[in-house]
Amino acid sequence: MRIGELAKATGATARALRHYEQAGLVFSERAPNGYRVYDERAVVRVRNIRYLLAAGLTLDDVRVFLPCLDGDVTTAPPSDKGIRVAVERLAVLDERIAAQTAVRDRLQAALRQADSDRIRPVA
């Protein structure tokens with residue numbers, strides 16, 4: 001199938017598919033006219049890549065899951081390395097959430113202060 005067909009079948013954009021290919025996660029052959037041609041199995045692989053990305057992993061993280069990208073990653077038993085990658089990614093996400101929460105709390109406090117300054121009676 002051509003790149004547009006794969007994009008339609010998976011919900012990915014053609015640009016994303018080229019990016020996955022450049023990252024070594026998806027493979028294609030070239031037709032005589034130069035178009036990328038993907039195997040039917042690429043549909044499952046791309047859906048799995050998108051599933052892992054939606055779970056918060058990066059493309060580099062997804063590489064760890066290469067051996068199981070052609071199957072059902074949602075039911076496959078996780079490898080020790082896969083669990084390590086997921087735990088590390090979760091720690092990064094937790095750090096980012098904590099930093100964003102701190103920023104939100106400071107902004108919220110500043111807004112409360114500004115609001116209370118505005119309604120103070122003038123002496």
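Ala, Val, Leu, Ile, Met, Phe, Trp, Tyr, Cys and Pro are counted here as nonpolar, Asp, Glu, Lys and Arg as charged, and the others, Gly among them, as polar. With residues classed in this way, the lining of the largest pocket in this predicted model has eleven nonpolar, three polar and no charged residues.

## The largest pocket and F65

The space in the largest pocket comes to about 220 Å³. Its lining is made up of 14 residues, of which F65, C68, P77, P78 and S79 are the closest to the centre. Two elements, α3 (42-54) and α5 (80-118), each give two or more residues to that lining.

F65, one of the residues closest to the centre of the pocket, is placed in the loop between α4 (59-62) and α5. With a relative accessibility of 14%, F65 is classed as buried, because that value falls under the 20% limit. When residues up to four places away in sequence are set aside, F65 touches L52, L57 and G82. P78, which is also listed among the residues closest to the pocket centre, stands 13 residues from F65 along the chain, and the C-alpha atoms of the two are separated by 9.0 Å.

## Salt bridges

Side chains of opposite charge can pair when their charged atoms come close. The count for this model comes to six salt bridges, and the table gives three of these pairs with the separation of their closest N and O atoms.

| Arg | Acidic partner | Closest N and O atoms |
|---|---|---|
| R36 | E21 | 3.0 Å |
| R63 | D60 | 2.3 Å |
| R104 | D105 | 2.9 Å |

The pair of E21 and R36 links distant parts of the chain, since E21 belongs to helix α2 and R36 to strand β2 (residues 36-37), with their positions 15 residues apart in sequence. R36 has a relative accessible area of 21% and is therefore partly exposed, as buried would require a value under 20%.

In the pair of R63 and D60, the arginine is partly exposed at a relative accessible area of 33%, whereas D60, with 53% relative accessibility, counts as exposed because it passes the 50% limit. For the pair of R104 and D105, the aspartate has a relative accessibility of 35% and counts as partly exposed.

## Surroundings of E21

Which residues does E21 contact, leaving aside its neighbours within four places in sequence? They are V26, S28, R36 and Y38, and E21 itself lies within helix α2, which covers residues 14-22. With S28, the contact includes a polar one between the two side chains, at 2.6 Å. The side chain of E21 is thus described by both this polar contact with S28 and the salt bridge with R36.

## Surroundings of R89

R89 is found in helix α5, an element that also gives two or more residues to the lining of the largest pocket. Is R89 buried or exposed? Its relative accessible area is 17%, so R89 is buried, the limit being 20%.

Not counting residues up to four places away in sequence, R89 touches G56, L57, T58 and D61. Between R89 and D61 there is a polar contact of side chain with side chain, at 2.6 Å. T58, another residue that R89 touches, is 31 residues from R89 in sequence, while the C-alpha atoms of R89 and T58 are 8.4 Å apart in space. L57 appears both among the residues touched by R89 and among those touched by F65.

Conventions. Residues numbered from 1 in each chain as written. Predicted model: local features only at pLDDT ≥ 70, side-chain atom pairs only at ≥ 80, totals over all residues. Heavy atoms only, no water. Helix = DSSP H or I, 4+ residues; strand = E, 2+ residues; numbered from the N terminus. Polar contact = N/O pair within 3.5 Å; in protein donor to acceptor, adjacent residues only side chain to side chain. Contact = heavy atoms within 4.5 Å. 1 Å grid on protein atoms, 1.4 Å probe; cavity = no way out; pocket = protein on both sides within 12 Å on 5 of 7 lines; lining within 4 Å. Points joined across faces, edges and corners; volume = space filled by probe spheres on them. Salt bridge = Lys/Arg side-chain N within 4 Å of Asp/Glu carboxyl O. Buried < 20%, exposed > 50% of the residue type's maximum accessible area, 1.4 Å probe, protein only.
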